[in-house]
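Subject: Handing over the structure

Dear colleague,

I am passing this structure on to you, and what I found in it follows below the model itself. Please look through the sequence and the coordinates first, and then read the notes beside them.

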Amino acid sequence: MSDTDDTLRALAELPTMAHPAPTPDGDEVALYYDVDGRNQLYLLNPTSGELEQWSDGQVPKDARHGFAWDADGDRVFFHLDEAGNEQNDIHAIDRDGDTEVVVEDDGQISLASVGEDGETLLFGSSRDGQMNVYRHDLPSGEATKLTDHDRAAGAATLSPDCDRFAYATNEADDYDNVDTYVADVDGSSARNLAIGETGAESAPADWHPDGDALLVSDNSPDKGRCGVYDFDTESVTWYGDGEFEESAGFFLPDGDRFLATRMRGAEDVPVVYDVETGEGRELDLPSGVASLADDTLLDDGRLLVQHTTPTRRSELVAYDLATDEYETVLEAEYGPFSPDDFVDAEYFTFDSDGVPETPQRAVDHAPYEEMEIGAIFYDSGERPSPLIVNPHGGPRHHDRLSFGYRTQFLLSRGFSVLQVNYRGSTGRGREFVEELYDDWGGAEQGDVAAAAEHVLAEYDWLDDDRVVVYGGSYGGYSAYWQLVQFPDLYDAGISWVGVSDLFDMAENTMPHFRSELMVKYLGEPDDNAALYEERSPVTYAGNLAAPLLIVHGVNDRRVPVSQARIFRDALDDAGFDEGDDYEYEELGEEGHGSSDIDDKIRSLELLDDFLDRRIGTAESDVVAAGDD
């Protein structure tokens with residue numbers, strides 16, 4: 001086996017933890033972990049660092065969806081689907097490893113909140129079409145529908161006494177709008193708390209321990225902010241100065257403080273706010289991406305935080321809010337590597353008017369408003385270096401300064417990597433997100449191409465004859481669109497579970513993705529048919545001028561496999577040859593991506609083989625360096 005093969009497998013096999021959650025009394029931490037080669041449920045002793053495997057194949061191999069403790073800490077509720085199709089049911093596993101089905105239903109189910117009474121679960125379900133909130137009574141096994149909205153209802157959370165619940169949905173004519181509601185636990189007496197402006201988005205985050213207040217998020221002033229809604233006064237106290245986007249976390253047990261996450265450039269940092277004074281301070285953690293692990297503290301009062309950087313894999317730390325000291329309670333595994341083997345990233349900004357110098361071959365856009373766009377660049381060290389432009393998915397997402405095994409593998413193969421937080425990305429406020437409304441395939445794609453032009457001009461050692469675009473999900477849409485809109489810029493492309501036909505996507509995706517993604521962003525297909533056709537990459541499949549790899553999971557319910565098949569058929573109709581002009585791969589055991597180690601190996605092998613044949617790659621010596 002070559003060094004490159006060793007690197008590929010070693011990176012894919014690095015154990016990854018997910019969803020760490022302390023027991024209700026905080027003396028243990030449950031987490032998903034694939035240290036034995038397959039995702040399992042483990043128990044961590046946060047004092048000794050000892051890990052004990054709990055499950056033996058009962059939990060999903062893909063750790064995408066999380067789990068929750070029951071009220072007594074005797075068992076865990078988890079999601080289980082079939083071959084990655086995300087049509088989850090809710091199962092429970094007890095301390096002896098015995099499992100049972102708790103909620104089984106047609107459509108997708110999402111566990112929302114576990115009641116402190118030991119009897120109540122809230123979950124979201126699309127059993128009746130749209131995603132709505134349901135109550136499951138554990139003693140009787142009966143489920144009751146609590147909400148009945150035309151648009152998706154979610155973010156449901158139970159009050160401490162389990163008599164009420166809060167949730168978010170939209171009943172306004174404006175699709176941009178989301179409001180926070182509170183209702184009795186039987187679904188009656190629902191009322192809109194009216195905490196934000198119409199056209200803005202608000203959501204509940206956590207109930208005050210006394211049940212007399214609610215922690216909420218809202219973006220009425222543009223950037224996301226945190227607030228505490230007082231049920232006695234029916235008013236909200238807002239926190240922060242509005243400089244950064246912030247999202248609400250949870251109240252601390254004393255109810256006098258709450259946690260939030262502040263997004264600053266491409267970094268995330270937790271913030272603790274004093275409810276009474278409004279004073280907030282950032283936790284004293286290294287630069288990078290720090291995320292709140294769970295809303296339960298350890299039994300010694302410390303907070304669990306996951307922390308990562310581009311060169312350091314995610315590790316779990318316990319943070320003392322009184323002293324600002326922290327210690328690692330679960331270190332990241334590095335296998336044959338060390339952090340010094342990995343490539344660090346540079347965050348930079350540039351100005352873009354959404355129209356690059358590269359000719360537009362599909363839709364001719366006039367310049368948009370010039371905006372500052374953020375991007376992350378990784379230098380592979382290869383000279384000359386090919387470039388991979390890697391737009392993120394979502395599109396409600398943004399790339400951060402965190403570790404990515406795919407990115408590090410591409411770097412090990414000699415590719416420098418560019419990630420672009422184009423207009424429409426999160427982390428910059430509501431108005432920045434709304435730049436993408438009614439404009440998929442517009443200025444945001446121009447921002448991606450302009451970022452590529454920027455780094456190609458900035459670094460003369462980048463090879464402008466070996467530029468590749470590669471993305472998944474909405475990033476896959478971007479890959480398709482970049483190749484048909486700016487074919488002169490790219491020498492190869494890879495679309496992974498990408499969107500190609502907006503009509504088919506609206507018709508066949510899950511109901512809550514239809515309403516909260518397609519219609520919210522682009523309007524109803526019948527009303528905006530011209531836009532749906534104009535901004536579908538498949539409309540311009542004949543513009544393809546570079547080798548394309550199409551990869552899609554057949555069990556994908558978010559972006560159905562029909563999206564790949566439609567683009568493939570359009571290429572055939574346009575006279576392109578499969579194998580020569582494009583390559584096509586359907587993954588029979590996957591849905592919308594997978595965190596399973598075997599699936600990660602397979603995906604890297606597909607990626608590596610295509611790039612090696614179509615672009616040419618460098619031999620990697622990173623494993624040898626890691627063994628020194």
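Please keep in mind throughout that this is a predicted model.

I begin with helix H7 and one of its residues. Leaving aside neighbours within four places in sequence, His 512 is in contact with Gln 108, Gln 130, Met 131, Ala 152 and Leu 517. This histidine, His 512, belongs to helix H7, which covers residues 511-522, and His 512 counts as buried because its relative accessible area is 13%, where the cut-off for buried is under 20%. The buried residues of H7 are His 512 together with Ser 515, Leu 517, Met 518, Val 519, Lys 520, Tyr 521 and Leu 522. These buried residues of H7 pack against three helices, namely H3 (430-434), H6 (502-508) and H8 (529-534). Just after H7 comes Gly 523, whose phi is positive, at about 80°.

The nonpolar cores come next. In the largest nonpolar core there are 64 residues, and Leu 418 and Trp 440 are those with the most contacts inside it. If neighbours within four places in sequence are set aside, the residues in contact with Leu 418 include Phe 348, Ala 375, Ile 376, Phe 377 and Leu 387, and also among them are Ile 388, Val 389, Asn 390, Ala 451, Ala 452 and Val 455. Another core lies apart from the largest one and has 39 residues, among them Leu 11, Val 343, Leu 410 and Leu 607.

Two of the residues just named, Leu 410 and Leu 607, also take part in the contact between helices H2 and H10. Helix H2 (residues 405-412) packs with helix H10 (residues 597-614) at an angle of about 35°, and their axes are 11 Å apart; the crossing of H2 and H10 is right-handed. On the side of H2 the contact is made by Tyr 405, Arg 406, Phe 409 and Leu 410, while on the side of H10 it is made by Lys 600, Ser 603, Leu 604, Leu 607, Asp 608 and Leu 611. Sorted by class, the residues in this contact of H2 with H10 are 6 nonpolar, 1 polar and 3 charged.

Helix H2 also deserves a look in its own right, since 7 of its 8 residues are buried, so that H2 is largely enclosed by the rest of the structure. The buried residues of H2 are Tyr 405, Thr 407, Gln 408, Phe 409, Leu 410, Leu 411 and Ser 412. Just after H2, Gly 414 takes a positive phi, of about 95°.

Some details of the backbone may catch your eye, and a general point helps in reading them: most residues other than glycine have a negative phi, and most peptide bonds are trans. The peptide bond from Arg 383 to Pro 384 is cis, with omega near -10°, and Pro 384 lies in the loop between strand S30 (371-378) and strand S31 (385-389). The peptide bond from Gly 394 to Pro 395 is also cis, with omega near 0°, and Pro 395 is found in the loop between S31 and H2.

Glu 86 has a phi near 65°, which is a positive value in a residue other than glycine; this residue, Glu 86, sits in the loop between strand S6 (75-80) and strand S7 (89-94), and it counts as buried because its relative accessibility is 1%. Glu 234 likewise is not a glycine and has a positive phi, of about 55°. Its place is in the loop between strand S19 (225-230) and strand S20 (235-239), but Glu 234 is exposed, with a relative accessible area of 53%.

Another loop residue is Pro 286, which lies between strand S24 (280-282) and strand S25 (289-292) and is partly exposed, with a relative accessible area of 43%. Neighbours within four places in sequence aside, Pro 286 is in contact with His 307 and Tyr 326. From C-alpha to C-alpha, Pro 286 and Leu 215 are 27 Å apart in space, and in sequence they are 71 residues apart.

Finally, a word on the cysteines: a search of the whole structure finds 0 disulfides. Cys 162 counts as buried at 5% relative accessibility, and Cys 226 counts as buried at 0%.

With kind regards

Definitions and conventions
Residues numbered from 1 in each chain as written. Predicted model: local features only at pLDDT ≥ 70, side-chain atom pairs only at ≥ 80, totals over all residues. Heavy atoms only, no water. Core = buried A, V, L, I, M, F, W, Y, C linked by side-chain atoms within 4.5 Å. Buried < 20%, exposed > 50% of the residue type's maximum accessible area, 1.4 Å probe, protein only. Contact = heavy atoms within 4.5 Å. Helix = DSSP H or I, 4+ residues; strand = E, 2+ residues; numbered from the N terminus. Axes fitted to C-alpha atoms, helices over the stretch in contact; angles between N-to-C directions. Left-handed = near helix turned anticlockwise from the far one by under 90°. Nonpolar A, V, L, I, M, F, W, Y, C, P; charged D, E, K, R; others polar. Disulfide = S-S within 2.5 Å.
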